[in-house]
Amino acid sequence: MDIRIDSLLFRRTRSLTWAAIALALAWGAASALAQTSSAPRSAEPVVLNFQGAEIEAVARTLATLSGRQVVVDPRVKGTITLISERPVTPAAAWNQFVAALRLQGHTVVESEGLYKVVPEGDAKVQTGVVGAGSVPSSVGGQVITQIFFLRHESANNLLPVLRPLITPANTINVNPGNNSLVITDYADNLRRLGRIIAAMDQPNATDVEVMALKHAIASELAPLVSRLVETGATATSAPGAAAADSGPRLAILAEPRSNALIVRAPNAARLALIRSLVEKLDQPAASADAKAPAAGNIHVVYLKNADATKLAATLRAAISGEARGASTPAASSGSAASTALTTATATTTAPGTRSSAATEATTGGQIQADAATNALIITAPEPLYRQLRAVIDQLDARRAQVFVESLIAEVNADKAAEFGIQWQGPIGKKGDGVVGLLGTNFSIGGANIIELAAQSASNPKAPSTGLNFGLAQRTNGIYVLGFLARFLQANGDGNILSTPNLLTLDNEEAKIVIGQNVPFVTGQYTNNNSGGNGAVNPFQTIERKDVGLTLRVKPQVSESGTVKLQIFQEVSSVAPSSINSPTGLITNKRSIESTVLVEDGGIVVLGGLLQDEYADNEEKVPGLGDVPLLGNLFKSQTRSRKKTNLMVFLRPVVLRDAQSTDSLSMDRYELMRGTQGAVQPMESAVVPVNAAPMLPPRGAQPRASAPAAAPAGSAPQPVSGER
């Protein structure tokens with residue numbers, strides 16, 4: 001039975017409209033209760049004939065027919081027209097209603113079984129349907145949220161492709177964590193986007209392919225092919241294409257052991273291009289005569305890191321050992337390359353020198369070094385050259401550098417105390433024939449009282465440092481010192497921290513010296529004028545030695561990162577008390593020489609000195625000096641204590657590439673610039689020198705010390721930094 005819903009009901013007043021709707025609902029409920037054995041009433045087809053009907057009324061009517069719970073947003077106003085020429089199912093009628101709403105800027109969203117008619121701009125935040133993968137066909141034209149997980153293509157690459165296909169009021173977002181797209185849009189549009197994503201999410205990188213070479217050298221061909229292919233790809237790319245792409249990139253590696261290229265291309269077309277280039281380049285060397293075999297046995301190999309002279313000697317020794325091993329019967333089958341090399345060299349020499357040429361080839365004379373260009377000149381057949389080239393590629397690798405930082409910490413603490421009483425006095429009367437003298441004098445605890453009393457005006461002598469208390473007696477108009485007491489307490493602390501550091505190559509010795517070159521007298525001579533001519537010719541011989549801080553180190557880096565260090569460190573100074581001494585200079589020397597193992601960036605203690613000295617000197621009058629309290633008048637005493645703590649630490653840092661070396665250098669560079677900036681002079685008009693030298697900023701070119709001559713007629717330019 002067909003149900004015809006006519007729009008005449010909605011042309012009446014609002015009260016009649018609601019009454020008709022109530023009657024229809026009641027009739028639908030009664031018929032549903034009456035039909036217990038048949039299908040529900042909502043499954044029967046209906047004919048739509050709504051012309052200019054209110055959206056809310058149509059929504060409630062279709063909700064009753066389709067069995068949905070519908071809520072209309074108060075902001076959704078206006079009329080709608082729904083007409084069907086033939087009967088349609090309630091589900092089709094509902095989809096037609098949703099499509100008509102979409103044309104008027106409204107839509108339907110579902111949230112936990114409740115259907116909401118809302119403005120299209122609010123649908124993306126009110127929808128409750130969230131799915132992953134493909135969009136089910138049962139979902140109508142309502143707004144839902146769908147998550148698409150990508151397996152091959154980058155989500156960021158698809159974002160600019162899919163964004164124009166999304167409804168302007170809806171959203172598309174990328175989750176880089178799991179490489180997925182989160183899209184909120186109409187279900188039918190999401191199904192279309194799903195098909196587009198499935199078509200574009202395909203593996204765009206080929207499998208790894210190994211291309212064996214017959215004539216060319218893999219290490220030489222790999223950079224050439226890579227440069228050709230990448231240059232062609234850059235030239236054909238769009239001008240506005242992004243430079244950085246997270247997709248697979250071209251990778252061409254050389255495998256020296258099997259003389260092959262390992263290739264992984266971003267697509268099959270690029271792989272075919274590489275294969276074609278390799279086939280064209282992998283050809284035997286051309287000769288002058290097309291009928292004669294190729295005889296190009298002289299090769300030039302330019303080195304990047306190794307020293308050509310040293311590497312040539314190493315390769316000669318390796319080939320010499322191989323040739324000696326191949327001369328035995330057991331190894332005769334494997335000496336074809338050496339025999340061919342010896343024969344080729346012998347045939348190019350004169351008949352009388354055949355034996356010498358063979359000896360030269362056996363000892364490795366076919367490898368020569370050109371120090372000017374740091375290159376190797378190799379004369380060898382192709383099989384032997386390939387073996388040598390594989391060895392050269394392994395030995396000509398970038399060597400690591402080691403930055404060695406040494407820390408020398410020395411802490412000194414000196415304490416001294418001195419106390420002494422000396423006195424002298426005559427015994428007798430004026431005019432006596434015999435006069436006695438009684439008193440004390442000591443050599444410690446200050447200057448001797450007798451020496452002070454006997455000093456003359458031409459050679460005065462001051463008392464020792466500290467508190468001095470004395471009494472002088474006037475004799476014949478001259479004051480003579482008769483009593484002297486001295487008190488002294490001295491404290492001295494020292495803290496020295498030296499941090500010499502230097503950078504050197506792996507397995508290369510480096511040395512740094514910071515100090516002075518001091519002359520030491522080793523001999524002297526003066527003649528005794530035995531000839532009688534009155535001429536005297538004195539002379540002396542000296543030897544200059546470095547006094548200061550010396551650090552000599554040779555690092556060796558292992559594959560695991562452990563650094564083996566051979567270290568010699570010395571700290572020396574001239575004793576101040578030995579300056580101008582007739583016996584010569586005395587130097588204080590602290591040196592350490594050791595070999596240690598330390599991890600990269602670790603700190604190791606090389607050694608040190610912990611010294612504690614105590615001295616107690618006393619001079620006294622026997623017996624009287626032991627009397628409590630009063631005995632201090634008959635003695636002099638000094639005490640001292642000296643502590644020395646010395647430790648030497650070392651910290652190596654391995655720099656394996658140019659980036660780490662540049663980072664360390666710029667760190668020290670900025671440290672020096674900051675120190676120089678902190679000690680710039682203050683502005684002064686009285687002393688108009690207001691600028692001190694300072695390193696230029698990083699990246700700036702240093703100024704020349706002398707400006708170039710200005711062209712004739714040009715005005716003089718002010719010099720930066722001067723006022």
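Is L633 buried, exposed or partly exposed?

1. Start with L633, since the opening question is about this residue. L633 has a relative accessible area of 34%, so it counts as partly exposed, the class between the 20% and 50% cut-offs. To find it, look in the loop between β26 (604-620) and β27 (635-655).

2. L633 also has some nonpolar company. Together with L624, V627, L629 and L630 it makes up a nonpolar patch on the surface. The accessible area of these residues adds up to about 470 Å².

3. Next, follow the chain into β27, which pairs with β17 (residues 401-427). The two strands run antiparallel and are joined by 20 bridges. If you want a landmark in this pairing, try E410, which stands opposite L646 in β27.

4. Strand β17 has other partners to check. Strand β21 (residues 501-505) runs antiparallel to β17, with five bridges between them; here V404 has L502 as its bridge partner. Strand β18 (residues 436-440) is likewise antiparallel to β17 and joined to it by five bridges. In that pairing, Q424 is matched with G439 of β18.

5. A word on confidence, as this is a predicted model. Average pLDDT for the protein is 75, and 75% of the residues reach at least 70. Residues 1-42 stay under 50, and the model gives this stretch 43 contacts beyond four places in sequence. Residues 704-723 are also below 50, with six contacts in the model beyond near neighbours in sequence. Where pLDDT is low, the predicted coordinates should not be read in detail.

Notes
Residues are numbered from 1 along each chain as its sequence is written. This is a predicted model: local features need pLDDT of at least 70, side-chain atom pairs count only at pLDDT 80 or more; totals for chains, interfaces and linings use all residues. Side-chain values use heavy atoms; hydrogens and water are left out. Patches are made of residues with over 30% relative accessible area and no salt bridge: like charges are joined within 9 Å, nonpolar side chains (Val, Leu, Ile, Met, Phe, Trp, Tyr) within 5 Å. Accessible areas come from the Shrake-Rupley method with a 1.4 Å probe; for residues, only the protein chains shown count as cover. A salt bridge is a side-chain nitrogen of Lys or Arg within 4 Å of a carboxyl oxygen of Asp or Glu. Helices (H or I, at least four residues) and strands (E, at least two) are DSSP runs, numbered from the N terminus. Buried means under 20% relative accessible area, exposed over 50%, partly exposed in between (1.4 Å probe, protein chains only). Two strands pair if DSSP finds at least two bridges between them. pLDDT is the predictor's confidence in each residue, from 0 to 100. Contact means heavy atoms within 4.5 Å.
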